[in-house]
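The exercises below are meant to be worked with the sequence and the coordinates side by side. Try each task before reading its solution.

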Amino acid sequence: MKDSINPATLELNGSVQETSNEDLKSIFENARSAQKIWQKLPIEERARRVVEINKVMSTQYEEISNLISSEVGKPPSEAFTNEVYGVIDATFHYYSTVMETIGQKREIPLGFYESMEKKSYVIYKPLGVIAVIGPYNYPFAIPFMQIIQSLMAGNAVVFKPSSETILTGKKIQDIINETKLPQYLVQTIFGSGSELGNPLIDLADKVIFTGSTVTGKRIMERAAHTLTPVDLELGGKSAMIVFPDVNMERALSAVRWGVFTNSGQVCCSIKRLYLHEDIYDEFIDKLVKLTKELKQGIPTERGVDVGAMINLEQLELVDEMVQTGKNEGAKILIGGRRNPNLKGYFYEPTIIGNATNDMEIVQKEIFGPVLVVIKFSNKEEVIDMVNDNPYGLTSTVWTENIEFGKRIAEEINTGTVMINEVVYTFALAATPWGGTKESGIGRTHGREGFLEVVRPLHINVDRSHENDPWWFPYDEDALDVVENFKLIAKSLIVKDDE
Ligand code: NAD
């Protein structure tokens, strides 16, 4: 049995039976049988059956939010707005857009070849059985949105939630079981990634993985054996750049939430704050004061803003990095320790100033409530500093001059750049989600997300009764054909003034 522990109270939430490696073979066999039937249904019918998830969830908002809170340590209100609502919105969005993105054939113009009565089109077929491997920090929204897109595209799913959030994983399965979706179309397995991971990757037709960069690299290495395609949604070190013309009050509120929501355990939470030298002192003073006002405590208590971290191991990793920062010469402006007044895994909201871009605390992901602040003096310098980082998930530019902000955005190498916003785009179902560099490969959400869970099937049709001119024999006529092709080739040269 695997236990789920409440990280705020350290009480037992419940347990589930772990899946054994031997069970995986039959789980995949059942998934393949269910998928064969599922893929034959018209896409509209599949979408209609999947969108029933929203109806099933409509009577359980509080129950689900409380469950997430009990496993992750975040306030239930945050669990609702950032996770439960996210799934509902995504399910409706995918239901509304699946036809236009992957439900229609796409005719492809063939130029000269069309004169020989040739035509091509592409349709989108499901991949088969997709393994969805989830993280602990958004254990409901992240994997569920991926599962929903995979299902509508005609796939079956074998889902492995994080071992820290098994009951939320089970809840996703329970919700699916309450719809009319076929049995075995989604199956949730429980256990440690190091044990179940390899057979899961070996058996799947695609892996959608969300988690740390270290694990992502292991998954890609294993997937190379079977050439299983992977979508990797990995770590981040998101930067916020603040120019002097900013709306300071809004920027202060945004960064405070963007750093400390979910106790900073967000792949795209603000981890690096780049402040222009003209506003550095004022901004820092105000931010430290605002941070002092945050209430940390048992997340189900009224008025609590910041809850607990997931476990002792993660808390200690965060603390180690904060100590590294001190040794590197950075200055703790607030926080910097485990909260001594609470018995669960609470780390105090922490801001570290006087940092420089080469420091380990600026370069490495610190997956907890820790912000590192760096001063800059001009736009070229800050763009270089933001890009000089192994991660490339999101970033955000703060200025009242939107056109200037857009120009900066285009110079930054991350999957998303927000202007005057923080974090929230990870919940948008309509827009592509994913990173560059060590933040991962591929995209989930939106049109790009649908394209990750299908294989484009190109169908080419010829209605001619003639032999193709390039077929054998290579006789005198063939030489004429070559000459003809040379003429056509010349017609394809683009003139300088065109
Ligand atoms: P993790 O890598 O420790 O675990 C993620 C999942 O992988 C878990 O389900 C785990 O059991 C499984 N796993 C572990 N070893 C495995 C293996 N060898 N084979 C297959 N599966 C294995 O990550 P975590 O601690 O749960 O999540 C935190 C990390 O995830 C952070 O780095 C964060 O930035 C990242 N994250 C990224 C995104 C994104 O969208 N880019 C979203 C959320 C979290």
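**Exercise 1.** Leaving aside its neighbours within four places in sequence, which residues is Ser69 in contact with?

*Solution.* Bear in mind throughout that the model is predicted. Begin by locating Ser69, which sits in helix α4, residues 61-72. Next, set aside the neighbours within four places in sequence; the contacts of Ser69 that remain are Lys74, Pro75, Pro76, Pro299 and Thr300. Finally, consider accessibility: Ser69 has a relative accessibility of 2% and therefore counts as buried, the cut-off for that class being under 20%.

**Exercise 2.** Determine which residues of helix α12 are buried and how they are arranged about its axis.

*Solution.* First take the dimensions of the helix: α12 covers residues 312-327, and its 16 residues reach 22 Å from the first C-alpha to the last, close to the 22 Å expected at 1.5 Å a residue. Then sort its residues by accessibility, which gives Gln314, Leu315, Val318, Met321, Val322 and Gly325 as buried. Seen down the axis of α12, these buried residues fall within an arc of 125°, so they line one face of the helix. The face turned away from that buried side carries the exposed residues Glu313, Glu320 and Asn327. To see what covers the buried residues of α12, look at elements that include β12 (331-334), β13 (350-355), α13 (360-363) and β14 (370-376). Last, examine the two ends: at the start of α12 a side-chain oxygen of Asn311 reaches to within 3.4 Å of the backbone nitrogen of Glu313, and just after the helix Gly329 takes a positive phi of about 100°.

**Exercise 3.** Describe the surroundings of the ligand, going from the shell of residues to individual polar contacts.

*Solution.* Start with the shell, in which 27 residues surround the ligand, the closest being Gly134, Ser212, Thr215, Leu234 and Glu365. Assign the shell to elements next: α8 (193-203), β8 (206-210) and α9 (213-226) each supply at least two of its residues, and the largest share, three residues, comes from α8. Now turn to oxygen atoms of the ligand. A polar side-chain atom of Lys160 lies 2.8 Å from a ligand oxygen, an N or O atom in the side chain of Trp433 is 2.8 Å from a ligand oxygen, and a polar backbone atom of Gly211 is 3.2 Å from a ligand oxygen. As for burial, the ligand taken alone exposes 860 Å², of which the protein buries 89%.

**Exercise 4.** Examine the backbone at Glu117, Ser263 and Pro473, and state where each residue lies.

*Solution.* The background to this step is that most residues other than glycine have a negative phi, and most peptide bonds are trans. Glu117, although not a glycine, has a positive phi of about 60°; its place is in the loop between β3 (106-108) and β4 (118-126), and at 44% relative accessibility Glu117 counts as partly exposed. Ser263 likewise has a positive phi, near 55°, and lies in the loop between α10 (248-260) and β11 (270-276), but at 2% relative accessibility Ser263 counts as buried. For Pro473, inspect the peptide bond that joins Phe472 and Pro473, which is cis with omega about 5°; Pro473 is placed in the loop between β20 (454-462) and α17 (476-491).

Terms used. Residues numbered from 1 in each chain as written. Predicted model: local features only at pLDDT ≥ 70, side-chain atom pairs only at ≥ 80, totals over all residues. Heavy atoms only, no water. Helix = DSSP H or I, 4+ residues; strand = E, 2+ residues; numbered from the N terminus. Expected span 1.5 Å × (residues − 1). Buried < 20%, exposed > 50% of the residue type's maximum accessible area, 1.4 Å probe, protein only. Arc of directions from axis to C-beta. Contact = heavy atoms within 4.5 Å. Polar contact = N/O pair within 3.5 Å; in protein donor to acceptor, adjacent residues only side chain to side chain. Near = heavy atom within 4 Å. Areas by Shrake-Rupley, 256 points an atom, 1.4 Å probe, with all protein chains shown as cover.
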